[in-house]
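Biologist: Please take a close look at how the helices pack in this model, and add what surrounds the bound molecule.

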Amino acid sequence: MRRFGRVSSAGIDESGRATEGRPIPVEISVWGPRGQQSRPGLSSEDRPAAGHARACSCCPGRVGSSVQEHRLPESAAATLLSLASRCHARGWAQATSGNFSVRLDAHRFVITKSGLDKGALRAEDLLVVDLEGSPLTEGRPSAETPLHAQIYRRRPGITAVAHTHSVAATVLSRALLAEGYVVLSGFEMLKALVGINTHETSIRLPIFPNDQDVPRLAAQVDAELGDDDCVYGYLLAGHGLYTWGENVNEAARHVEAIEFLLECVLHGRR
Ligand SMILES: CSCCC(=O)C(=O)COP(=O)(O)O
Ligand SMILES: [Zn+2]
C-alpha cells in the first residue's frame, strides 16, 4: 500500500500553498464578534492582523503587520462545494449531516459551517480555521472540525477531507463495533483507492465508538491511528465515514468507492 507523502493537488504546491485560481475572500472578519476594541490583558503581541478572527499560527498578527486576508482559490471552493453537493445528492449527507474541508496551506484549512443543508451550500458557507480547528474568519465551523484538524495535522500530504452519513456506514459501524473494523476484500472497486491495483486486496476500515465530545473523539482517533498512512478512512459507530485524499478529486473518489464497498458488505450480510 502506498504512503501518503506526495502533494499533487491542482492549485496547491508542495508546501501546501494555493498556487492557482483567482482567490476569493471567505467571509473576512476583523477580530471576532467584539471587533477590535481593546481587550484587557491582550498585549500587542497577541493582537491578530486585520482579516483574522484572532491571532493565529499562520500569522502572528503583530500590530503593524501587513493586512493579510484569508483567501480561498475559487477552484478549491468550487470543488469543495461540488463534493458536498455530490454526497448530498447520493443520500450520504442528508438533514444537514456531513462536513467537508480542503487544506489552504500548512497552517489553515477551509471547512463547511455547522448545521447547514449540504445540498445547498454557497461559498459564504465556508470558513477558514487553523490546524487546531479554531476559526480565523467569521462563523461557526462544523461541530466536527477537530476531526478534520486531526487529519491535517498528522498528514501533511492530505488536502481534502470528507465526512458522510450513509445508511451503510451507519448500520455497519454499529453492527461491527465490537470487532473494531470492517473488512473490505476482493472487490474490483478497491482499485479506486489510491495505490491499490488488484481486487485481490483486503483492507480494514477502523471503527471508533461515537462520542459527543468531539475533541476527545479526535484525540482518540489520533492516539489509535497516529500518522498511519495506510488507512483510507474510518467509521464512527452509528454515525458515519471519514475519508480523505491528496486532492479533492481523490477524496471524492475515496468517498464514492468506500460508500460503494460498504453497501456491498451490507448487502452481503442480508
Ligand atoms: C444532523 S447530523 C448531526 C451532526 C453531524 O454529525 C454532522 O456531520 C454535521 O455537523 P455539522 O456541524 O458539520 O453541520
Ligand atoms: Zn457527522
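**Helix packing and the ligand shell**

Modeller: The crossing between α2 and α4 is right-handed (the near helix is turned clockwise from the far one by less than a right angle; anticlockwise would be left-handed). This is a predicted model, in which local features need pLDDT of at least 70, side-chain atom pairs need pLDDT 80 or more, and totals for chains, interfaces and linings use all residues. Residues are numbered from 1 along each chain as its sequence is written, chains are lettered from A and ligands numbered from 1 in the order written, and side-chain values use heavy atoms, without hydrogens or water.

Helix α2 spans residues 145-154 and helix α4 residues 214-225; helices are DSSP runs of H or I, at least four residues, numbered from the N terminus. The axes of α2 and α4 are 8 Å apart, at an angle of about 30° (lines fitted to C-alpha atoms over the stretch in contact; angles run from 0 to 180 degrees between N-to-C directions). The pair α2 and α4 is therefore roughly parallel (under 35 degrees).

Helix α3 (residues 167-175) packs against helix α5 (residues 248-269) at about 60°, with axes 9 Å apart. The two helices α3 and α5 are thus oblique (neither under 35, nor over 145, nor 65 to 115 degrees), and their crossing is left-handed.

Around ligand 1 there are 14 residues (a heavy atom within 4 Å), and Ser114, Gly115, Ser142, Ala143 and Glu144 come nearest. Oxygen atoms of ligand 1 lie 2.6 Å from a side-chain N or O atom of Ser114, 2.7 Å from a backbone N or O atom of Gly115 and 3.0 Å from a polar backbone atom of Gly98.

Terms used:
Polar contact = N/O pair within 3.5 Å; in protein donor to acceptor, adjacent residues only side chain to side chain.
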